[in-house]
Amino acid sequence: MTQTTTDVPASPRDLPVVRLKPKSDARAIRFGAPWVYAEDLVTDRRTKGLSAGSLAILEDTDRKPLGLVGVTPDSQIIARMLDRDVTATIDQAWFETRLRTAFEHRERMFEAPFYRLIHAEADGLPGVIIDRFGDVAVVQPNAAWADARIGQLSAALQSVTGVSCVIKNASGRARGLEGLDDVSEVLAGTAPDAPLEVPMNGAIYLADVMGGQKTGLFFDQRPNHAVTARLSKDARVLDVFSHVGGFGLAALAAGAQSATCVDGAQPALDLAQGGADAMGMGDKLSTRKGDAFAVLEALNEEGAKFDVVVCDPPAFAPSKKSLDRGLRAYERVAKLAAPLVAEGGYLVLCSCSHAADVHKFARSSARGIGRAGRRAQHIHTGFAGPDHPLMPQLSESGYLKALFYRLLP
């Protein structure tokens, strides 16, 4: 499917101007901050009249240009920095330049073409996520400026990487905040008619790129899967909030005795079982569908014990407003999971909440372990892999934390 690009003026001279308020700090933008919040921008009738996804030149209060931005008038993030050069043209060639820079890094880091290709602002494409699965790429254009230019982005993606199929995934909370629709579609090529096999850390995962959660698979936990796998030889492993079996399948590939995956979604558990079957280890995997907290409580009542327990929940604290409630939820996870770990075993607790930094998350986890009456060593802290780079001026890009504990007698 070919989409037309909207709101693309003939030349930079035709672009409207948006301006920071007098009390706004332009230095943050000059030093690399990629976002302008609505409260920091002059929102007169002309600015409010811009259509979502429009391009504009951002100026400070002295009318000095700061860069080229994509504007979404009704969003809290009203402008996203696209290019410091106000004469830049946002066309297919511009997308190709950004994509090629990202592509060269991933190709250097990974032997097989299965990785996150674009990690939004950190890769110079604000609000854009692209995961690659061999010849298939799944794009999440979570900002209006990119959604309006999805045709150019898709063409550039095919040109740079050689993928034959490009899928637009329109699910997720971020698009709603930008006023975008939730209609997913195939932009190029033919969509796969079955889940794709993805090799990672010696395991085989099944990614449902058309109907699965987000892009179909989470590449960010790859290095933490690897650390867990090293702890799992001959171990009994419990993978809670397992999705398609991220930690459990990596553990089996490394020689785990058994793995139990717990998730609330049966389709995800079916994919986990399918991955284990593809590895020839289907008999070593068991699944348990249900609310994770309820299953953890039930396992405690049953007196179950595991050598490695991993809890990788969804973001309990996706914003500052939800931080306190989210930290209490992380504490509860730790309190319920710790008793399930055999003496000398390992507990892995994860958070993908950018509002809960690693220190706050660690304090909540330690409280939960302590409330469970367990004594622990903190042996490792993990983060996302090198295909999920961090933007130094945007703390939100460093959302993932994984805390590894050894629970002592």
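1. Helix 11, residues 323-337, lies across strand 16 and strand 17. Its direction makes an angle of about 160 degrees with that of strand 17. The model described here is a predicted one.

2. Helix 8 (residues 246-253) also lies across strands, namely strand 13, strand 14 (258-263), strand 15, strand 16 and strand 17 (341-351). Relative to strand 13, helix 8 runs at about 160 degrees.

3. The strands just named belong to an open sheet of seven strands, whose order is 15-14-13-16-17-19-18. The pairing in this sheet is mixed. Strand 15 (285-289) and strand 18 (375-382) are the edge strands, each pairing on one side only. From one strand to the next, the twist averages 15 degrees.

4. A general point helps in reading the sheet. Strands of a sheet pair through backbone hydrogen bonds, and the pairing is either parallel or antiparallel.

5. The parallel sense is found between strand 13 (residues 236-240) and strand 16 (residues 306-311), which are joined over four bridges. To locate this pair in the structure, start from Leu 238: its bridge partner in strand 16 is Val 309.

6. The antiparallel sense is found between strand 17 and strand 19, with six bridges. Here Cys 350 has Ala 402 of strand 19 as its bridge partner.

7. Strand 19 also runs antiparallel to strand 18, and seven bridges join the two. In this pair, His 378 stands opposite Tyr 405 of strand 19.

8. How many of the eight residues of strand 19 are buried? Seven are, so strand 19 (residues 401-408) is largely enclosed by the rest of the structure. Buried here means under 20% relative accessible area.

9. Turning to the whole protein chain, there are 12 helices and 19 strands. The radius of gyration is 23 Å, close to the 22 Å given by the globule rule for 409 residues, so the chain is as compact as a globular protein of that length. The C-alpha trace spans about 70 × 45 × 35 Å along its principal axes.

10. Of the 409 residues in the protein chain, 55% are buried. The chain exposes about 17,600 Å², and carbon and sulfur atoms supply 50% of that area.

11. The last point concerns contacts along the sequence. Taking contacts between residues at least 6 apart in sequence, 64% join residues at least 24 apart.

Notes. Residues are numbered from 1 along each chain as its sequence is written. This is a predicted model: local features need pLDDT of at least 70, side-chain atom pairs count only at pLDDT 80 or more; totals for chains, interfaces and linings use all residues. Side-chain values use heavy atoms; hydrogens and water are left out. Two strands pair if DSSP finds at least two bridges between them. Axes are lines fitted to C-alpha atoms, for helices over the stretch in contact, and angles run from 0 to 180 degrees between N-to-C directions. Contact means heavy atoms within 4.5 Å. Buried means under 20% relative accessible area, exposed over 50%, partly exposed in between (1.4 Å probe, protein chains only). The radius of gyration is taken over C-alpha atoms; the globule rule is 2.2 Å times the number of residues to the power 0.38. Accessible areas come from the Shrake-Rupley method with a 1.4 Å probe; for residues, only the protein chains shown count as cover.
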